[in-house]
Amino acid sequence: MTLSPAMEPASSPLPRSVRRGARVARPRHFLMCRPEHFAVTYSINPWMDPAAGADTARAVAQWEALRAAYLSLGHRVSLIDPIEGLPDMVFAANGALVADGRAYGARFAHPQRAAEAPAYAAWLRANGFPDVREPAHTNEGEGDFLVLDRLILAGTGFRTEVAAHQEAQEYLGVPVVTLRLVDPRFYHLDTALFPLGDDNVAYYPGAFSPGSRAVLERLFPDAIIADERDAAVLGLNAVCDGRNVVINAEATGLIATLRRHGYEPVPVDMSELRKSGGGPKCCTLELRPRQVPA
Ligand SMILES: NC(=[NH2+])NCCC[C@H](N)C(=O)O
C-alpha cells in the first residue's frame, strides 16, 4: 500500500525516499578474473588453510554465477586473463584503485601476490586507462580503498600502508580517510565495510580500532551496522550499485536489514572462494570512467 504523505507516520525511521522505494541503481563497469588457477597453496590470512585444499572447478562455477548476476543487473564486466602460478589473481579488487579514469596501481604486501600488480597495470593501460600511477608504497587496491561520492575510505593495519593513503590522496585529489583494522579475519577494509551509495556505508564495528569506529560514527550516522555473525561469513564483502547488493548468501541478518532499508539483496554463494578469504567484492574491481563536468 502506498501511503499519501499526510498518512505517513510522523517519526518513520527511514527517509521518505526509501519508503517510496526510490533506491536508484547506477550501471557499473567491473573487471574480473576467472579463477582458472585458483588454489590455496599458501596462507597470508586466517581464512587460508593449504591443508584443507580448494576445488577449482567449484570456484569457477561460483565466480561464473557472480559474473552472471552482474550482467543480469545491467552492469558491464571486462575480463583479465588469469596467470598460472597466481592463485589469488581472481581477487581483482586488489589489482588497483580506479577513480575518475585514473588508476593508482597496487603493490602487494606479500611476495606470493607481487606479480599480480604489473599484470593489472598492463591490462588497464591497454584497455582505456593509460594513466596508471606506479605506487611507491604498499597498497592492495580496492581491497583497502573504497570510493564514495566525496571521499575515499582507506584501510590499514594488515596490508596497505598509511603512506599509500597519502600517496593516493595526492594523486587523485580526493580526501582519503584512514581507518585502522584490528581483527586479522578482516584484513582488508572491503571485508569489514561496503559503500551503499548516497555517501552511506554498511560496516562491522568490531573490525575497527576505537578511534576509527568513532570516525565512522561521525561520518556515517545513518550507517547500516552489521553484527559479528554476518561479518564472519564475509557478508560485508558486498557490492552495492545504489540499489542492488550482491552479497554472500549466508549473511542472512544483514540481508534482512538491507531489505528493510530499501535495498535489493542479490545473494550469491562464494563459499569456495572464501577458503582464500574472498567474497563477491574481492572478485570485483570497479573501473570508474573519467567524470565529465556537468
Ligand atoms: N579484496 C579482498 N579482500 N581480496 C581478498 C584477497 C584474498 C587473498 N587470499 C589474500 O589474502 O590476499
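Colleague: What makes Arg-113 a polar contact of the ligand?

Modeller: A polar side-chain atom of Arg-113 lies 2.6 Å from an oxygen atom of the ligand. The cut-off is 3.5 Å between N or O atoms, so the pair counts. Bear in mind that this is a predicted model.

Colleague: How do you know that Arg-159 and Asn-94 belong on that list too?

Modeller: Apply the same test. Arg-159 has a polar side-chain atom 2.9 Å from an oxygen atom of the ligand. For Asn-94, an N or O atom of the side chain is 2.9 Å from a nitrogen atom of the ligand. Both values fall within 3.5 Å, so both pairs are polar contacts.

Colleague: How much of the ligand's accessible area does the protein cover?

Modeller: On its own, the ligand has 350 Å² of accessible area, and the protein covers 100% of that.

Colleague: What kind of space does the ligand take?

Modeller: Its space is the largest cavity. The word "cavity" is used because a 1.4 Å probe fits there but cannot get out, with the protein atoms alone considered.

Colleague: Which residues are closest to the ligand, and how many surround it?

Modeller: There are 17 around the ligand, and the closest are Asn-45, Arg-113, His-188, Asp-190 and Cys-282. A residue counts as near if one of its heavy atoms lies within 4 Å.

Colleague: How does that shell divide by residue type?

Modeller: Six are nonpolar, seven polar and four charged. Arg-113 is among the closest residues, and Arg counts as charged.

Colleague: Now the sheets. Why are E9 and E11 called edge strands?

Modeller: They belong to an open sheet of three strands, ordered E9-E10-E11, with mixed pairing. Strand E9 (193-197) and strand E11 (224-225) each have a single partner strand, so one side of each has no neighbour in the sheet.

Colleague: How do you know that E9 and E10 pair?

Modeller: Two strands need at least two bridges. Four bridges join E9 to strand E10 (residues 200-203), so they pair, and they run antiparallel. Leu-193, for one, has Tyr-203 in E10 as its bridge partner.

Colleague: What makes E1 and E15 a pair?

Modeller: Two bridges join strand E1 (residues 29-32) to E15, so the minimum of two is met. The strands run antiparallel. The bridge partner of Leu-31 is Leu-285 in E15.

Colleague: Which strands stand at the edges of that sheet?

Modeller: The order is E2-E1-E15, again open and mixed. Strand E2 (76-79) and strand E15 (285-286) are the edge strands, since each pairs on one side only.

Note on methods:
Residues are numbered from 1 along each chain as its sequence is written. This is a predicted model: local features need pLDDT of at least 70, side-chain atom pairs count only at pLDDT 80 or more; totals for chains, interfaces and linings use all residues. Side-chain values use heavy atoms; hydrogens and water are left out. A polar contact is a pair of N or O atoms within 3.5 Å; within protein, one must be able to donate a hydrogen and the other to accept it, and residues adjacent in sequence count only if both atoms are side-chain atoms. Accessible areas come from the Shrake-Rupley method with a 1.4 Å probe; for residues, only the protein chains shown count as cover. On a 1 Å grid over the protein atoms alone, a cavity is a set of points where a 1.4 Å probe fits but cannot get out, and a pocket is an open set with protein on both sides within 12 Å along at least five of seven lines; lining residues have an atom within 4 Å of a point. A molecule sits in a cavity or pocket if more than half of its atoms lie within 2 Å of its grid points.
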